[in-house]
Amino acid sequence: MGWLLVVIKACYFLAALLFILGLKRMSSPRTARGGIVWAGVGMLVAVLATFALPDMQHRGVILAAVLIGVAAAWWSGRRVAMTAMPQMVALYNGMGGGAAAAIGATELFSYAGKAVTLLDGDQFTASGASTPGLSQVTLAVLGALIGSISFSGSLIAFAKLQGWLDKRFVFPGQRVVNMLVLAGAAVLGAMIVGGQLSVPLIVVFFALALAFGLMMTLPIGGADMPVVISLYNAFTGLAVAFEGFVLQNEAMIIAGTVVGAAGTLLTQLMAKAMNRSIGNVLFGSFGAAAGAEAQAIGGSQKPIEASDAAVMMAYAERVVIVPGYGMAVAQAQHKVWEFAKLLIDRGVKVKFAIHPVAGRMPGHMNVLLAEAGVPYDLIADMDDINPEFPNTDVALVIGANDVVNPLAKTDPASPIYGMPILDVAAAKQVIVVKRGKGTGFAGIENALFYADNARMLYGDGQAAAGQLVTELKSLET
Amino acid sequence: MIDGFLALYIFMLAAFTGYEIIARVPVILHTPLMSGSNFIHGIVLVGAMIALGHAQTTFEMVIGFIGVLLGAGNAAGGYVVTERMLEMFKSSKPAVSKEAK
């Protein structure tokens with residue numbers, strides 16, 4: 001090994017180390033900021049080292065492609081709104097999957113050009129210089145399969161969250177068709193591994209793998225998308241690890257596997273927080289099976305004026321604000337925080353309570369509140385805040401619906417039955433800011449809105465929060 | 001050259017590492033962490049560069065070029081988005097309290 005190669009290998013080692021340390025730092029709010037920088041340095045080191053690899057051709061073309069890709073992604077990532085983060089993660093993840101599939105494709109096509117045949121000792125012989133081993137071809141095929149699925153699936157997830165694809169495509173026998181497509185891709189993959197490295201076979205293999213990703217994602221509803229994106233994130237990690245083995249690149253193997261394992265666990269945690277199993281997300285349809293008769297809800301929704309609501313909270317001792325995605329859509333988080341600051345100035349103890357799946361993704365709401373400048377120590381998790389609701393004078397629910405629905409505890413027929421909720425109804429008074437009388441994301445009536453201690457403040461989140469601020473300010477003078 | 005079993009050991013150890021890192025993460029960091037791990041598999045860019053660097057035919061070059069384009073997008077986009085998210089995590093009592101919420 002020449003000295004250059006040693007330096008390059010050392011760079012890859014450093015990159016892998018920085019990735020792991022960076023990810024570790026990202027798992028605590030205090031060090032998270034630095035974590036991404038560490039990982040970024042690792043990436044830079046690895047990319048620069050790759051340029052220096054001795055047997056590389058087309059360096060100019062590579063540089064051009066890198067610059068275009070970086071510029072486009074940097075530009076789009078900078079200007080996208082925080083509410084659109086989940087779909088951007090899906091988009092970039094899809095790109096990673098696509099890149100892994102592309103690596104697999106170049107490898108397989110280059111083998112195909114060399115009339116490869118399988119010999120007894122599990123070793124391919126080729127007329128060219130490279131002689132891929134059985135394990136290499138197998139992993140190239142596996143990585144290509146998983147990467148392709150992640151690519152097309154993530155793009156569909158992106159389109160759905162972006163609102164370009166509202167419909168869920170469901171037809172009878174869909175599951176069977178999907179399974180046949182997957183089986184077809186698997187059979188072709190096995191044939192490729194078996195030594196039939198012909199170009200048409202490889203093309204059809206990729207077409208089937210991409211089609212499966214599409215068809216698997218199309219019937220999944222928007223509410224389940226975060227779990228799916230997380231799953232594809234893990235998929236891409238695995239695909240990267242497999243292709244890393246094919247290319248004999250240790251940094252890819254380690255980074256890919258770490259992400260694969262971390263992503264799988266993250267997917268499970270998310271699914272658990274949403275009270276869904278992964279199998280249920282992938283193969284069941286939310287709200288499709290209307291089971292037993294839904295519990296009838298008695299009482300009526302009682303409206304309240306903004307001025308009364310402001311007074312109620314101004315003279316309260318403890319106020320808990322429960323934000324939901326509705327608040328984020330209305331871009332009301334800045335107004336809400338302004339309102340909360342006014343309350344704090346008056347000596348009211350204010351906390352924000354966040355349900356694990358508030359927003360579109362676990363933790364998404366924390367990001368949105370952080371954007372508005374809410375310090376994270378005022379933000380409480382569900383488990384911490386639930387015992388405090390009985391001592392809370394006013395709970396202000398803004399744009400949240402299903403995550404505060406008491407039916408999740410009382411009505412076994414409800415589709416959200418069993419989902420852990422924020423126990424808002426236990427507060428002395430509840431004020432719900434809501435645009436109209438409609439149902440939430442999951443299309444379920446909310447018993448909270450009919451409760452005796454609940455008052456409805458109708459209006460757009462932004463406007464309602466603005467009114468509350470004005471009313472509160474008028475109290476000061 | 002990494003042989004089969006050595007690769008298996010690397011797989012196993014890296015998988016445990018990934019699992020352990022995530023195991024005790026507060027919910028508030030799930031989204032940034034997903035985004036962060038999304039950035040880390042942007043290392044696929046390196047592989048795509050190697051693939052393009054060894055391309056023999058025009059067809060392979062086209063696929064390799066697309067691969068590098070996508071990989072670069074994954075890495076750069078993943079970084080920007082994660083960085084923007086994490087930038088916003090601030091405490092109301094800066095640098096006074098040592099504990100992470």
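This is a guided tour of a two-chain predicted model, chain A and chain B, with what to select at each stop.

**Before you start**

In this predicted model, local features need pLDDT of at least 70 and side-chain atom pairs count only at pLDDT 80 or more, while totals for chains, interfaces and linings use all residues. Residues are numbered from 1 along each chain as its sequence is written, chains are lettered from A and ligands numbered from 1 in the order in which they are written, and side-chain values use heavy atoms, with hydrogens and water left out.

**Stop 1: chain A**

Select chain A and show it as a cartoon. Its secondary structure comprises 17 helices and eight strands. Helices (H or I, at least four residues) and strands (E, at least two) are DSSP runs, numbered from the N terminus. Of the 477 residues in chain A, 56% are buried. Buried means under 20% relative accessible area, exposed means over 50%, and partly exposed lies in between (1.4 Å probe, protein chains only).

Switch to the surface. Chain A exposes about 18,700 Å², and carbon and sulfur atoms supply 63% of that. Accessible areas come from the Shrake-Rupley method with a 1.4 Å probe; for residues, only the protein chains shown count as cover.

Now look at contacts (heavy atoms within 4.5 Å). Among those in chain A between residues at least 6 apart in sequence, 75% join residues at least 24 apart.

**Stop 2: two glycines in chain A**

Select A:Gly184. This glycine sits in helix H6 (residues 174–193) of chain A. A:Gly184 is partly exposed, at 22% relative accessible area. Add A:Gly418, 234 residues away along the chain. The C-alpha atoms of A:Gly184 and A:Gly418 are separated by 38 Å.

**Stop 3: chain B**

Select chain B. Expect four helices and zero strands. From the N terminus, the elements run α-α-α-α. Chain B has 101 residues, and 59% of them are buried. Its accessible surface comes to about 4,200 Å², with 68% belonging to carbon and sulfur atoms. Residues 24 or more positions apart account for 66% of the chain B contacts with a separation of 6 or more.

**Stop 4: the interface**

Show both chains and select the residues in contact. Chain B contributes 82 residues and chain A contributes 101. The size of an interface is often given as the accessible area lost when the parts come together. Here the area buried between chain B and chain A is about 8,600 Å², and carbon and sulfur atoms give 78% of it. Buried area is the accessible area (1.4 Å probe) that two parts lose on being put together, summed over both.

Turn on polar contacts. Across the interface there are 15 residue pairs in polar contact, both at pLDDT 80 or more. A polar contact is a pair of N or O atoms within 3.5 Å; within protein, one must be able to donate a hydrogen and the other to accept it, and residues adjacent in sequence count only if both atoms are side-chain atoms.

Colour chain B by helix. Helix H1 (4–23), helix H2 (30–40), helix H3 (44–53) and helix H4 (58–87) each supply at least two residues of the side that touches chain A. The largest share, 27 residues, comes from H4(B). By class, this side of chain B divides into 49 nonpolar, 23 polar and 10 charged residues. Ala, Val, Leu, Ile, Met, Phe, Trp, Tyr, Cys and Pro count as nonpolar, Asp, Glu, Lys and Arg as charged, and the others, Gly among them, as polar.

Zoom to B:Ser37, in helix H2 of chain B. B:Ser37 counts as buried because its relative accessibility is 2%. Not counting residues up to four places away in sequence, B:Ser37 touches A:Leu23, A:Asn233 and A:Val259.

**Stop 5: salt bridges**

Side chains of opposite charge can pair when their charged atoms come close. A salt bridge is a side-chain nitrogen of Lys or Arg within 4 Å of a carboxyl oxygen of Asp or Glu. The whole structure has seven salt bridges over all chains. Two of these cross the interface of chain B and chain A.

- Select B:Glu83 and A:Arg78, whose closest N and O atoms are 3.5 Å apart. B:Glu83 is buried at 11% relative accessibility, whereas A:Arg78 is partly exposed at 39%. Add A:Arg33 to see a network of salt bridges that links A:Arg33, A:Arg78 and B:Glu83.
- Select A:Glu250 and A:Lys9, a salt bridge at 3.2 Å between the closest N and O atoms. A:Glu250 lies in helix H9 (residues 250–273) and A:Lys9 in helix H1 (residues 3–26) of chain A, so the pair ties together parts 241 residues apart in sequence.
- Select A:Glu338 and A:Lys473, which meet in a salt bridge at 3.4 Å, N to O. A:Glu338 lies in helix H13 (residues 333–345) and A:Lys473 in helix H17 (residues 461–476) of chain A, so this pair ties together parts 135 residues apart in sequence.
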